[in-house]
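Grab a pencil and try these exercises on the chain shown below. Each task comes with a worked solution, so have a go before you read on.

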Amino acid sequence: MFIKKIQNNKIALLILFLGFIGSCLLSINNINKYDKNIKNPQNNVFYHQMIKADAYRYLSQGSEIKDQIKKGVNFFETGPENYTKYLPSRLAALYYYFFDINLFNNSSEKKINTGIHLNYLLIQCFFYFFCLTLLYFSLIKIINKKICFFILLFLCFEPTIFQYHASFWSESIFFSLQIVLISIILKKKKSIFNFFIIGFFLGILSLQKEYSLFYIILIAIYFIFTSTLNYKKIFLSNQ
């Protein structure tokens with residue numbers, strides 16, 4: 001059964017593989033070229049060519065959380081007060097904790113260590129293309145295979161999306177989580193557990209980017225107009 005699936009979808013799997021390899025090569029190229037600290041001549045402070053702005057905030061908070069966990073601080077008490085995206089810094093903390101690495105070479109100079117983030121980007125690439133594989137096998141059950149082919153081609157190589165996998169911005173994980181959510185929504189068989197999983201991933205997605213919470217409106221509209229049940233029963237069940 002598994003081998004037959006591979007044979008029937010070998011072109012799609014080849015595209016996924018090429019997209020993944022291309023993403024990994026771009027990540028390696030970016031790390032080789034831009035994984036370096038440069039001193040700002042105006043204030044003599046170092047800045048990293050790839051890790052700056054929001055990416056610097058996520059990773060530095062992740063490093064702080066990792067250090068707090070190592071000291072025995074309760075996980076839910078770690079990190080600074082959060083006013084925006086919650087998940088990116090926690091994912092960074094997981095990465096630093098799992099590989100037991102430090103973002104900074106020392107706490108005073110705040111100079112970012114180089115040569116420690118390639119695995120971060122490669123994991124990010126793998127997660128995206130794994131999620132894309134799930135989406136493809138969900139789509140071919142309900143959409144013509146030729147249409148699925150072009151959807152897959154777009155999501156694998158669209159330049160704007162493609163560049164995010166080789167960067168430290170939060171968009172790559174965000175796109176990946178959206179793809180998983182769509183894969184679950186498109187499943188033909190619906191159950192209470194299925195709806196629970198949809199809610200779970202919607203919650204995770206909103207932790208990655210807070211405005212995703214409003215996706216519940218679009219999801220509700222989708223189910224109202226595609227459900228085989230009479231949608232009035234949902235609202236008039238007690239009558």
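A residue counts as buried when its relative accessible area is under 20%. Keep in mind that you're looking at a predicted model.

**Exercise 1. Work out what the chain is built from and how much of it is buried.**

Step 1: Start with the elements: the chain has eleven helices and two strands.

Step 2: Put them in sequence order, and you get α-α-β-β-α-α-α-α-α-α-α-α-α.

Step 3: Now apply the cut-off from above: 38% of the 239 residues in the chain are buried.

Step 4: Turn to the surface. About 14,800 Å² is exposed, and carbon and sulfur atoms supply 65% of that area.

**Exercise 2. Decide how helices α2 and α5 are arranged.**

Step 1: Two packed helices are described by the angle and the distance between their axes.

Step 2: Look up both values. The axes of α2 (residues 10-34) and α5 (residues 118-139) come within 9 Å and cross at roughly 160 degrees.

Step 3: Angles over 145 degrees count as roughly antiparallel, and α2 and α5 are therefore roughly antiparallel to each other.

Step 4: Add the handedness: α2 passes α5 in a right-handed crossing.

**Exercise 3. Find which kinds of residues α2 and α5 bring to their contact.**

Step 1: List some from α2: Leu13, Leu16, Gly19 and Phe20 are among the residues that meet α5.

Step 2: Do likewise for α5, where the residues meeting α2 include Leu121, Phe126, Phe129 and Thr133.

Step 3: Sort the contact by class, and you find 16 nonpolar, four polar and no charged residues.

Note on methods:
Residues numbered from 1 in each chain as written. Predicted model: local features only at pLDDT ≥ 70, side-chain atom pairs only at ≥ 80, totals over all residues. Heavy atoms only, no water. Axes fitted to C-alpha atoms, helices over the stretch in contact; angles between N-to-C directions. Helix = DSSP H or I, 4+ residues; strand = E, 2+ residues; numbered from the N terminus. Parallel < 35°, antiparallel > 145°, perpendicular 65-115°, else oblique. Left-handed = near helix turned anticlockwise from the far one by under 90°. Contact = heavy atoms within 4.5 Å. Nonpolar A, V, L, I, M, F, W, Y, C, P; charged D, E, K, R; others polar. Buried < 20%, exposed > 50% of the residue type's maximum accessible area, 1.4 Å probe, protein only. Areas by Shrake-Rupley, 256 points an atom, 1.4 Å probe, with all protein chains shown as cover.
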